[in-house]
Amino acid sequence: INYNDLEPYYAEVEKFNQVSGPTFFPWGAYHGPYPKRSHYRACMHETFRRGCEALGIPSTVGPMFILSSATKDRPGCTYRGFCKFGCMPKSKSSTLVTYVPHALKYGAKIIPNAMVVRLNVGKDGTVRSVTYLSEGNEREQEGDTFIVSAYSIETPRLLLNSKSEQFPEGIANSSGMVGKNLMVHSADFVIGKYEEMIRQYRGPQGLALTQEWYTRKPGDGFVRGYTIETETLQPIEFSQALIKGKGVWGRQLIEDMRDYNHYVSFGIVGECLPSENSTVTLTVEALAARTADYIIDAKQRFEL
Ligand code: SF4
């Protein structure tokens, strides 16, 4: 599967969720026009643009799953910057505010507070039902179609946990690769202080970016590329950054926090390389393997 195979589905999702985006993107193929206009560069995002311009680095406002203006059932972004903690106006698109209401309208039934723990296969080898936990009880739900879509950790966990006689290594795991080579993204950040008031909390997070180092060029000296973007740190997160980064605490931390509005935070979003060591395994099996190692170790040490 390559990007071209996936692109029509991305486009469909972008349309349904009314993604906002720029009219021009300086790197790679342009995937717009987007359903909604791009967001305004508020405060820190404008500072980022000015900095890039001064250094001769192209920058832009990225496409966002956040409404830049109202739709018939959701308002546009209010630029208060609480995106990571739950967007009260529901301007930030998510399954909860887009697909779930849509599905309910078409007769879907949601079983809240339920967690699927196993997929059960029938004699013909296809999935027939799921076992889920609800209020401490195990229940079963049959169905015709099952969509396993639970992120790169929960999805392999569920597949591996669905062992049966037909599938002793779990479902979809004939290659033994389920859970292997987990690739998440790195997310380091730097903070900087300005004389002027910046108010980094204003506007959607991660709005302004540069992908000048995203694609690798000969002589770069690193493998794979990265994006640099504005990465809002709300006050509590920011205080943690000061504690970790500057080692300040107590009275000094309070003093430094008084300057919160003068700081910017920029994130560096990179890509993890595939590695056999980045693997999702079931805790029970991991513990069993570790216990076996301990036993071998103990036997060797004590020459048992
Ligand atoms: S800034 Fe973030 S939290 Fe606030 S309305 Fe916009 S998307 Fe929602």
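Two strands count as paired here if DSSP finds at least two bridges between them. By that yardstick, strand β7 (residues 226–230) and β8 are a pair, running antiparallel with 5 bridges between them. One spot to look at is Y226, which sits opposite G270 in β8. Everything here comes from a predicted model.

β8 has a second neighbour as well. This strand, residues 263–271, is joined to β5 by 9 bridges, again in the antiparallel sense. Here G270 turns up once more, as the bridge partner of S186. Zooming out, these strands belong to an open sheet of 5 strands, with antiparallel pairing and the order β1-β6-β7-β8-β5. The edges are taken by β1 (60–61) and β5 (185–193), each of which pairs on one side only. At the β1 end, the partner is β6 (residues 208–210), and 2 bridges hold the antiparallel pairing. T60 is matched there with L209 of β6.

As for the chain overall, there are 7 helices and 8 strands. The C-alpha trace spans about 65 × 60 × 45 Å along its principal axes. Of the 304 residues, 31% are buried. Contacts were also sorted by sequence separation: among those with a separation of 6 or more, 63% link residues 24 or more positions apart.

Then there is K36, found in the loop that runs between α1 (3–16) and α2 (43–55). This lysine is buried, yet it has no salt bridge. The nearest side chain of opposite charge belongs to D73, and that one is 9.5 Å away. A salt bridge would need a side-chain nitrogen of Lys or Arg within 4 Å of a carboxyl oxygen of Asp or Glu, so D73 at 9.5 Å doesn't make the cut. What does K36 touch instead? Leaving out residues up to four places away in sequence, the contacts are Q18, V19, S20 and G21, along with L67, S68, S69, A70 and T71.

Finally, the ligand. Its surroundings include the run C77, T78, Y79, R80, G81, F82 and C83. I66, C87, P89, S91 and K92 are also part of the shell. Sorted by class, that shell has 7 nonpolar residues, 3 polar and 2 charged.

Note on methods
Residues numbered from 1 in each chain as written. Predicted model: local features only at pLDDT ≥ 70, side-chain atom pairs only at ≥ 80, totals over all residues. Heavy atoms only, no water. Near = heavy atom within 4 Å. Nonpolar A, V, L, I, M, F, W, Y, C, P; charged D, E, K, R; others polar. Helix = DSSP H or I, 4+ residues; strand = E, 2+ residues; numbered from the N terminus. Buried < 20%, exposed > 50% of the residue type's maximum accessible area, 1.4 Å probe, protein only. Lys, Arg positive; Asp, Glu negative; His and termini not counted. Contact = heavy atoms within 4.5 Å.
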